[in-house]
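Hello,

Here is the structure I promised to pass on to you. Please open it next to this message, so you can follow along as you read.

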Amino acid sequence: MKIAVGLFISLLFLTIGVGIYTFHTTSASAFSVGMPLMMSGFSVGSIDDIKLNNDGTVTTTFSLNKKNRIWMTQGTTLLLKRPLIGAPHIEIHPIIGNKE
């Protein structure tokens, strides 16, 4: 039996806006509204909404705390973490120094 400790979220599209962001994926089975977004061990935001689109894809909307929006730049990746102990969460991995 395999246990997945971390699963990369394939981002088909990431919309960067004023604190509200979206990503599109093929399944929402690992996500839930309220799931935290973490960076360096700190909670910086959460999933606000999950919607099934007409084409079968899923749009997930999340928001970041105002002071932490600087971490969402072009090239930032999100990583779904499902630890053996503790709650699942999404880790933010920004490209430091990228201001776009």
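Below is what I found, starting with the overall picture and then moving to particular side chains.

**The chain as a whole**

Please keep in mind that this is a predicted model. The chain has eight strands and zero helices, so if you read the elements from the N terminus on, you get β-β-β-β-β-β-β-β. Of its 100 residues, 35% are buried. The exposed surface comes to about 6,300 Å², with carbon and sulfur atoms supplying 60% of that area. If you take the contacts between residues at least 6 apart in sequence, 48% of them join residues at least 24 apart.

**How confident the prediction is**

The mean pLDDT is 79, and 78% of the residues reach 70 or more. Among the elements, strand 5 (residues 42-52) has the highest mean, at 93, while strand 1 (residues 6-8) has the lowest, at 43. Over residues 1-13 the pLDDT stays under 50, and for that stretch the model has 28 contacts beyond four places in sequence.

**The aromatic rings**

A search of the whole structure turned up three aromatic pairs. In one of them, the ring centres of Tyr21 and Phe62 are 5.4 Å apart and the planes meet at 25°, so this pair counts as stacked. Tyr21 belongs to strand 3 (residues 20-25) and Phe62 to strand 6 (residues 58-64), so the pair ties together parts that lie 41 residues apart in sequence. Tyr21 is buried, at a relative accessible area of 1%, and Phe62 is buried with a value of 1%.

Phe23 and Phe31 make an edge-to-face pair, with 5.5 Å from centre to centre and 65° between the planes. Both Phe23 and Phe31 are buried. Ring pairs link Tyr21, Phe23, Phe31 and Phe62 into a cluster, which is a good place to begin when you turn the model on screen.

**Ser63 and its surroundings**

Ser63 is also found in strand 6. With a relative accessible area of 19%, Ser63 is buried, because the cut-off for that class is under 20%. Its side chain is joined to that of Asp48 by a polar contact of 2.8 Å. Leaving aside residues up to four places away in sequence, Ser63 touches Gly19, Ile20, Val44, Gly45, Ser46 and Asp48.

**The salt bridge**

Side chains of opposite charge can pair when their charged atoms come close. The structure holds one salt bridge, and it is formed by the side chains of Lys51 and Asp49, at 3.7 Å from N to O. How open are these two residues to the surroundings? Lys51 is exposed, with a relative accessible area of 52%, whereas Asp49 is partly exposed, at 27%.

**Leu80 and Ile90**

One last spot to look at is Leu80, which lies in strand 7 (residues 77-81). Leu80 counts as buried, with 1% relative accessibility. The C-alpha atoms of Leu80 and Ile90 are separated by 4.5 Å, although these residues are 10 apart along the chain.

Happy to talk any of this through once you have had a look.

Best wishes

Notes. Residues numbered from 1 in each chain as written. Predicted model: local features only at pLDDT ≥ 70, side-chain atom pairs only at ≥ 80, totals over all residues. Heavy atoms only, no water. Phe/Tyr/Trp six-rings, centres within 6.5 Å; stacked < 30°, edge-to-face > 60°. Helix = DSSP H or I, 4+ residues; strand = E, 2+ residues; numbered from the N terminus. Buried < 20%, exposed > 50% of the residue type's maximum accessible area, 1.4 Å probe, protein only. Contact = heavy atoms within 4.5 Å. Areas by Shrake-Rupley, 256 points an atom, 1.4 Å probe, with all protein chains shown as cover. pLDDT = per-residue confidence, 0-100. Salt bridge = Lys/Arg side-chain N within 4 Å of Asp/Glu carboxyl O. Polar contact = N/O pair within 3.5 Å; in protein donor to acceptor, adjacent residues only side chain to side chain.
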